[in-house]
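Here are some exercises to work through with the model open beside you. Try each task before you read its solution.

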Amino acid sequence: MTRYLRNLVLLIQDVLENNQHLFTASEMSFLEAFKLLPDDSQTLFARLYTRKGPWFRVSNISYAEIADCHQAIKGLLETGYVCPFAWRNEVEDDGVAEVLNILNIDELREVLRMLNKKCDRSTRKQEMIDLLLSSSKNMVSPELRRSILAITGSCIKVSPLAESLMWRAERLFFLNGEQDLSAFLLVDLGIVKFPAYTCIISDPIFPSRRDLLSYEEAIEISQIMVESLDENNSELVLRCIEISVSRMSIALEEGKSSGGKPMVVFFANFSASWVYSKVVLLGVSFFEREKRYIDAINLLRQLLNAFIVDRRRGYWTLRLSVDLEHVGRVDESLQVAEDGLLDPWVRAGSRVALQRRVLRLGKPPRRWKVPSYSESVKRKIFEVHVQGRPLNCKTGMKSIFYGEDGERCGVEQLALQYYAGEGGGWQGVHTESGIWLTIFGVLMWDIIFADVPNVFRTKFQTAPLDLETDSFYEVRKGLIEERLDKIQDGMAEEILITSWESHLGTACRGVNWEKHSLADLRAAVKCIGGRCLASICRHLAQDYRSWSSGMPDLLLWRLHDCYRGEAKLVEVKGPRDRLSEQQRAWLLVLMDCGFNVEVCKVTPPPVPS
């Protein structure tokens, strides 16, 4: 049995064993029938399912590992796993264009010649297909039918039922829309190595078939929304928003009134209401781009009213406050910002942004009392100014400068050159959050992959399902605090070395084995110091979603001897750049941790008078 067939059978078996309640009896029978097919039929299906189609010429189907392709096709046709191409009366359907697409350019010219249609040598393939379809005037003529079949012969494709059930099985197995059967192959070939952990499953992600179908419908609406935005199809975008708002409310009400066992908190991402909320948020961005701020305000209020416990509330509240100011409702904008600061789900950069809005909008006579956080938010962040010779100064384009070696480089590379030289002899990397997520992943490896129920569902995960939720810290608090104590006590380098040597090359969310060497990580950890390192790791453990982005561009370090050193964090800004609120939040937190933090502003030299 070939690898890809073995993997497909394993996937089907796993899904059937763990998700029987999500399939009808006929669907179960259909999937079970696959295991009863002859090896040749199973192998052929696995081949066709993983190939780009949808249609395949029967005459071209030939594989060395299949003894009799004709019999294999017959078995798949009889069980409904593939279907033949058939014209539906005289009416053209989408399948015609799909079958035409399997013809090469010379064959398309031959079909056109048979129909006495002319095209020159420069005509492209799609243009030929369009010409054939348009000439049929929405009807598939007998001549076109005979001409196509004369060249293609019989064609088959994976049946719609098999396609939909296999798609569902893959989504249930991998729990995302990104991985597919190729994930098995990457492991088989040694290209990817997934971590070792224990799958302890006590609760289903989808309690009922109805929940699954609602989730799948939401995914479909989400995909249509993204495609419509890409194609600037405003009519379809508005329809997706309308459907999502309606169904989001219905799904939430049904969840509240179900009266069943409470859902595991981090399973919320697999609910229809959560997917619809993402579509609604895309709608907010669409309306803001169109300057339809009242419509954006209405959507944001619906999100905030619907999702009382959600980490995204900070961003929603911030956008609501900003959009209210856009329409001149400043008092209301200020009140939204103040109320948001009382919300425990408003965190990180969004919290700092709201605090800054309150200070800006809440001046007399609107507000007379100065908030207690005023001094903290207004703290000055030390700035360094570096001059560079610019290559371009166009607005909207990334700034390019000539480096000290005369080569072209970005502002971050120019800053690294400055700090390595006259800036103080610092070593360092331009990494933003990358090096911190790598350090966190390596130091906390055993805790990330600890035995916790329901967070690991398959052998193809690079992180537990609850990593970006409050559950991650709450469930592992004892383990995390014990590890943080060791880091603070100066054991980080030892833990780093041991974990690196044990897990090198194994896939883990946030860890980049190639970009950061062990030597660099050891030097960085040594120079950062236990107290600062423990504080950063605590922030990531408690709120990975909020703090996994926005870190300063550069991490710099320099060793004083074998045991001591110092570190510096630098946010680099080009001539037209400003600090984002998330970046400012990080810089203020890092200052509280005791870090040496600064902003490096790269500017062109002054123009001589």
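A residue is called buried when its relative accessible area is under 20%, exposed when that value is over 50%, and partly exposed in between. Please keep in mind that this model is predicted.

**Exercise 1. A threonine in a helix**

Find Thr43, decide whether this residue is buried or exposed, and list its contacts beyond the sequence neighbours within four places.

Solution. Start with the location: Thr43 sits in helix H3. Next, take its relative accessible area, which is 7%. Because the cut-off for buried is under 20%, Thr43 counts as buried. Finally, set aside the neighbours within four places in sequence; Thr43 then touches Thr2, Tyr4, Leu5, Glu65 and Ile66.

**Exercise 2. A partner for Glu65**

Glu65 turned up among those contacts. Work out which side chain meets that of Glu65 in a salt bridge, and where the two residues lie.

Solution. The partner is Arg47, with an N to O distance of 2.9 Å. Arg47 belongs to helix H3 (residues 39-49), while Glu65 is in the loop between strand E1 (56-57) and helix H4 (69-79). The two are 18 residues apart, and the pair links distant parts of the chain. As for accessibility, Glu65 is partly exposed at 31%, and Arg47 is partly exposed at 27%.

**Exercise 3. Two further salt bridges**

The structure holds 38 salt bridges. Describe how far apart in sequence the partners are in Glu242 with Arg239 and in Asp331 with Arg366.

Solution. Take Glu242 and Arg239 to begin with: their closest N and O atoms are 3.4 Å apart. Both residues lie in helix H12 (residues 234-257), and being three residues apart there, they are separated by about one helical turn. Arg239 is partly exposed, at 42% relative accessibility.

Now turn to Asp331 and Arg366, whose closest N and O atoms are 2.8 Å apart. Asp331 is in helix H16 (residues 330-340) and Arg366 in the loop between helix H17 (348-361) and helix H18 (374-377), so this salt bridge ties together parts 35 residues apart in sequence. Asp331 counts as exposed, with 51%, and Arg366 as partly exposed, with 37%. Elsewhere, salt bridges with shared partners join Glu27, Arg168, Arg209 and Glu216 into one network.

**Exercise 4. H9 against H11**

Determine how helices H9 and H11 are oriented to each other, and which residues make the contact.

Solution. The axes of H9 (residues 160-174) and H11 (residues 209-230) come within 13 Å and cross at roughly 100°. Angles of 65 to 115 degrees count as roughly perpendicular, and H9 and H11 are therefore roughly perpendicular to each other. From H9, the contact uses Trp167, Arg168, Arg171 and Leu172; from H11, Arg209, Leu212, Leu213, Tyr215, Glu216 and Ile219. Sorted by type, these residues are six nonpolar, no polar and four charged.

**Exercise 5. H13 against H14**

Do the same for helices H13 and H14, and state the handedness of their crossing.

Solution. The axes of H13 (residues 272-289) and H14 (residues 293-306) come within 8 Å, crossing at roughly 160°. That angle makes H13 roughly antiparallel to H14. Their crossing is left-handed. H13 contributes Ser277, Val280, Leu281, Gly283, Val284, Phe287 and Glu288 to the contact, and H14 contributes Tyr293, Asp295, Ala296, Leu299, Leu300 and Leu303. By type, the contact of H13 with H14 has nine nonpolar, two polar and two charged residues.

Methods: Residues are numbered from 1 along each chain as its sequence is written. This is a predicted model: local features need pLDDT of at least 70, side-chain atom pairs count only at pLDDT 80 or more; totals for chains, interfaces and linings use all residues. Side-chain values use heavy atoms; hydrogens and water are left out. Axes are lines fitted to C-alpha atoms, for helices over the stretch in contact, and angles run from 0 to 180 degrees between N-to-C directions. Helices (H or I, at least four residues) and strands (E, at least two) are DSSP runs, numbered from the N terminus. Angles under 35 degrees count as roughly parallel, over 145 as roughly antiparallel, 65 to 115 as roughly perpendicular and the rest as oblique. A crossing is left-handed if the near helix is turned anticlockwise from the far one by less than a right angle, and right-handed if clockwise. Contact means heavy atoms within 4.5 Å. Ala, Val, Leu, Ile, Met, Phe, Trp, Tyr, Cys and Pro count as nonpolar, Asp, Glu, Lys and Arg as charged, and the others, Gly among them, as polar. A salt bridge is a side-chain nitrogen of Lys or Arg within 4 Å of a carboxyl oxygen of Asp or Glu. Buried means under 20% relative accessible area, exposed over 50%, partly exposed in between (1.4 Å probe, protein chains only).
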